Amino acid sequence: MTQTIIETIPILPFGMVNAFLVIHERRALLVDTGLPGSEGKIENALKMHKLDWSDIALTVLTHAHIDHAGSAAQVRRLTAQPLFAHKDEFPYCNGYPPVLRPSGIFGRVFQKTGAIEQGFEYFTPDLPLTKAEADLSPFGFPASALHTPGHTPGSLSVLLDDGRVIAGDLLASGILLGGIAMRSRPKKPPFEEDTVAVADSLDQLLSRGGKYFYLGHGGRLPASTVRAHVSRLRSADRPGVFKLPRILPNDQTWM
Ligand SMILES: [Zn+2]
Ligand SMILES: [Zn+2]
């Protein structure tokens with residue numbers, strides 16, 4: 001049986017920002033493109049597998065925040081292959097300012113730096129996902145792209161047929177931006193537009209057989225950890241239930 005490899009591309013060290021290559025039968029699917037100027041890091045990951053830009057068949061964007069889509073326009077020039085994103089993410093791809101709802105203290109502080117609102121080279125994706133799901137097997141990959149809104153309206157996840165999931169920023173792990181330390185512990189990313197939608201999307205991925213979750217910020221999490229994170233999201237957001245705010249050591253506020 002042909003092996004399908006997920007190679008993590010370290011856009012920033014210690015898992016702070018990740019993009020991914022899914023490699024199957026010497027063809028590569030690039031999931032996210034990193035911050036502006038990340039093409040050298042993507043190229044290094046290709047070279048590790050003796051591949052080059054011409055081996056990328058498709059680029060999928062989990063969403064269009066600068067740390068995931070910042071190099072998308074340059075990647076499209078280098079690969080000459082289509083960019084794929086959900087249609088609801090097109091405004092952000094085209095420079096519409098992102099809605100930033102900080103999920104905790106770090107998000108509020110990070111927002112003040114303006115780093116996530118910096119401009120980058122905007123673009124219009126070539127292929128819009130307009131349905132709930134797209135089969136990626138016609139591109140040569142045993143995987144599907146699923147609309148998993150919540151972090152942003154047009155967030156999507158790549159679900160491999162074997163249960164591995166690249167989930168973008170539906171959740172993160174570690175501390176601060178994500179990664180660095182305590183990477184087995186789930187947390188919200190610094191920003192989250194709709195927590196209930198995030199919980200629904202994670203449940204959808206779990207019910208579709210999601211086993212291991214690869215994240216834009218932080219480490220790989222097993223389904224059991226993701227399930228526990230979803231229950232915390234749901235209990236924290238239950239209307240009419242007053243909860244005293246509790247500051248967790250990883251800078252996460254559940255209230
Ligand atoms: Zn994001
Ligand atoms: Zn991100």
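A cavity, for my purposes, is a set of grid points where a 1.4 Å probe fits but cannot get out, while a pocket is an open set with protein on both sides. I'm working from a predicted model, so I keep that in mind throughout.

**Entry 1: cavities**

I counted enclosed spaces by that rule and got two cavities of 30 Å³ or more. I then looked up the second largest cavity, which holds about 30 Å³ of space. Which residues line the second largest cavity? I noted T62, H63, T148, S155, L156, S157, A167, G168, D169 and L170. Sorted by class, that lining has six polar residues, three nonpolar and one charged.

**Entry 2: a contact partner for G168**

G168, one of the residues lining the second largest cavity, sent me to G216. The two are 48 residues apart in sequence, yet their C-alpha atoms are 4.8 Å apart in space. I found G216 in the loop between β13 (212-214) and β14 (221-222). Is G216 buried or exposed? It's buried, because its relative accessible area is 1% and the cut-off for buried is under 20%.

**Entry 3: the largest pocket**

Next I went to the open spaces. The largest pocket has about 190 Å³ of space. I listed 16 lining residues, and those closest to the pocket's centre are L35, I66, D67, F110 and I116. By class, I have 10 nonpolar, four polar and two charged residues in this lining.

**Entry 4: a nonpolar patch outside**

On the surface I picked out a nonpolar patch of about 280 Å², made by F14, L176 and I180. I looked up I180 in particular: it's in the loop between β11 (172-173) and β12 (186-187). With 36% relative accessibility, I180 counts as partly exposed. That fits the patch rule, because members need over 30% relative accessible area.

**Entry 5: positive phi**

Last job was backbone angles. Most residues other than glycine have a negative phi, so I wanted the odd ones out. R26 isn't a glycine, but its phi is positive, about 65°. I placed R26 in the loop between β2 (17-24) and β3 (27-31). Its relative accessibility is 48%, so R26 goes down as partly exposed.

Where does A80 lie? I found it in the loop between α3 (72-79) and β5 (83-86). A80 has a positive phi as well, near 55°, and is not a glycine either. At 65% relative accessibility I put A80 down as exposed, because the cut-off for that is over 50%.

Key:
Residues are numbered from 1 along each chain as its sequence is written. Chains are lettered from A and ligands numbered from 1 in the order in which they are written. This is a predicted model: local features need pLDDT of at least 70, side-chain atom pairs count only at pLDDT 80 or more; totals for chains, interfaces and linings use all residues. Side-chain values use heavy atoms; hydrogens and water are left out. On a 1 Å grid over the protein atoms alone, a cavity is a set of points where a 1.4 Å probe fits but cannot get out, and a pocket is an open set with protein on both sides within 12 Å along at least five of seven lines; lining residues have an atom within 4 Å of a point. Grid points are joined across faces, edges and corners, and a volume is the space filled by probe spheres set on the points. Ala, Val, Leu, Ile, Met, Phe, Trp, Tyr, Cys and Pro count as nonpolar, Asp, Glu, Lys and Arg as charged, and the others, Gly among them, as polar. Patches are made of residues with over 30% relative accessible area and no salt bridge: like charges are joined within 9 Å, nonpolar side chains (Val, Leu, Ile, Met, Phe, Trp, Tyr) within 5 Å. Accessible areas come from the Shrake-Rupley method with a 1.4 Å probe; for residues, only the protein chains shown count as cover. A salt bridge is a side-chain nitrogen of Lys or Arg within 4 Å of a carboxyl oxygen of Asp or Glu. Helices (H or I, at least four residues) and strands (E, at least two) are DSSP runs, numbered from the N terminus. Buried means under 20% relative accessible area, exposed over 50%, partly exposed in between (1.4 Å probe, protein chains only).
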